[in-house]
Amino acid sequence: MTKTTLKKLLTFVATILVICLFGALAIGSSSEDTSTTDQGTGTAQQDNNSGFTDCKIEIKSCRLAKTYDGKPAVIVLYSYTNNKDTATSFTVAVQDSVFQNGIGLNEAYILDDSANYSSDNQLKDIKKGATLDVEVAYELNDSTTDIVVEVEEFISFKDFKVTKTFKIA
C-alpha cells in the first residue's frame, strides 16, 4: 500500500467516525432530569428511568454512618437492574456522584461490621433482567447539610441523570 493510498484510507475512516459521532450526539441530545426530595434518611420515592437504556437505577435511601477513622459518612442504597445483553456491574454501568453544598463527596471506607455496610455488590456482574441492591458510602463534609445524589449511565450520548435530595439533619 502506498503512502497516498494509506492517507486516503485514514481520511475516509476519520470522516466516517466523525459523521457517526455527530449523528449519535444529535439523536441523544435530549436533556432530562428527575428530582425528588426525601424528608429524612428513610426510603425514597421511585425515580423516573425513562432516559436510561442499559440499566434501571432507583435511588432508594440513605443512612448515616462513620468512616473507619470516625468521620461522618452516608451510605446510599441503590437498586440496579441490568438491561444489557451482557453481564455488567453497577460500577461499570453507571457514574454515581453525591454532592454537599455543590461539592462532590469522596467514597468512604467503612468497616463492614459497622452499620451493617457491605460494598460487595458494587462489582458483582449481573445478567440481563437481574436486579441487585448496591450500597455505596461517601464521606460527608459536615453532618447537617443536605446531600444530592446523581446517577447517570457511564457511557451514553444522552444528557440524562436521576437525581434525589436527602435531608441529613
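Are Tyr-80 and Phe-90 buried or exposed? Select both: Tyr-80 is buried, and so is Phe-90. Keep in mind that this is a predicted model.

**Whole chain**

Start with the cartoon view. The protein has two helices and eight strands. Read from the N terminus, the order is α-β-β-β-α-β-β-β-β-β. Colour by burial next: 36% of the 169 residues count as buried. Switch on the surface. Its accessible area is about 10,000 Å², and carbon and sulfur atoms account for 56% of that. Now turn to contacts between residues at least 6 apart in sequence: 67% of them join residues at least 24 apart.

**Aromatic pairs**

The count of aromatic pairs comes to three. Select Phe-52 and Phe-160. Their ring centres lie 5.1 Å apart with the planes at 85°, so this pair is edge-to-face. Phe-52 sits in the loop between strand S1 (31-38) and strand S2 (55-66), while Phe-160 belongs to strand S8; the two are 108 residues apart. Why does Phe-52 count as buried? Its relative accessible area is 7%, and the cut-off for buried is under 20%. Phe-160 is buried too, at 5% relative accessibility.

Go back to Tyr-80 and Phe-90. This aromatic pair is also edge-to-face, at 6.1 Å centre to centre and 80° between the planes. Tyr-80 is in strand S3 (residues 72-82) and Phe-90 in helix H2 (residues 90-93), 10 residues apart. Add Tyr-78 to the selection: Tyr-78, Tyr-80 and Phe-90 form one aromatic cluster.

**Strand S8**

Select residues 159-166. This is strand S8, which is mostly covered, with six of its eight residues buried. Show strand S7 (residues 147-153) alongside. S7 and S8 pair in the antiparallel sense over five bridges. For one register point, pick Glu-150, which stands opposite Thr-163 in S8.

**Salt bridges**

How many salt bridges does a search of the whole structure find? The search finds seven. Begin with Asp-133 and Lys-60, whose side chains meet at 3.3 Å, N to O. Asp-133 lies in strand S6 and Lys-60 in strand S2, so the pair ties together parts that are 73 residues apart in sequence. Asp-133 is partly exposed at 34% relative accessibility. Lys-60 is partly exposed as well, with a relative accessible area of 23%.

Move to Glu-135 and Arg-63. Here the salt bridge spans 2.7 Å, N to O. This pair, too, links strand S6, home of Glu-135, with strand S2, home of Arg-63; the residues are 72 apart. Compare the cover on each partner. Glu-135 is buried, with a relative accessible area of 14%, whereas Arg-63 is partly exposed at 27%.

Next, select Lys-167 and Asp-146. The closest N and O atoms of this salt bridge are 3.7 Å apart. Lys-167 lies in the segment after S8 and Asp-146 in the loop between S6 and S7, so parts 21 residues apart in sequence are tied together. Both partners are partly exposed: Lys-167 at 30% relative accessibility, Asp-146 at 29%. Then select Asp-69, Lys-71 and Glu-139. Salt bridges that share partners join these residues into one network.

**Last stop: the surface**

Bring the surface back and select Tyr-68, Tyr-109 and Leu-111. Together they form a nonpolar patch with about 410 Å² of accessible area. Zoom in on Leu-111, in the loop between strand S5 (103-104) and strand S6 (131-139). At 49% relative accessibility, Leu-111 counts as partly exposed, because exposed requires over 50%.

Notes:
Residues are numbered from 1 along each chain as its sequence is written. This is a predicted model: local features need pLDDT of at least 70, side-chain atom pairs count only at pLDDT 80 or more; totals for chains, interfaces and linings use all residues. Side-chain values use heavy atoms; hydrogens and water are left out. Buried means under 20% relative accessible area, exposed over 50%, partly exposed in between (1.4 Å probe, protein chains only). Helices (H or I, at least four residues) and strands (E, at least two) are DSSP runs, numbered from the N terminus. Two strands pair if DSSP finds at least two bridges between them. Patches are made of residues with over 30% relative accessible area and no salt bridge: like charges are joined within 9 Å, nonpolar side chains (Val, Leu, Ile, Met, Phe, Trp, Tyr) within 5 Å. Accessible areas come from the Shrake-Rupley method with a 1.4 Å probe; for residues, only the protein chains shown count as cover. A salt bridge is a side-chain nitrogen of Lys or Arg within 4 Å of a carboxyl oxygen of Asp or Glu. Contact means heavy atoms within 4.5 Å. Rings of Phe, Tyr and Trp (its six-membered ring) pair if their centres lie within 6.5 Å; planes under 30 degrees apart count as stacked, over 60 as edge-to-face and the rest as tilted.
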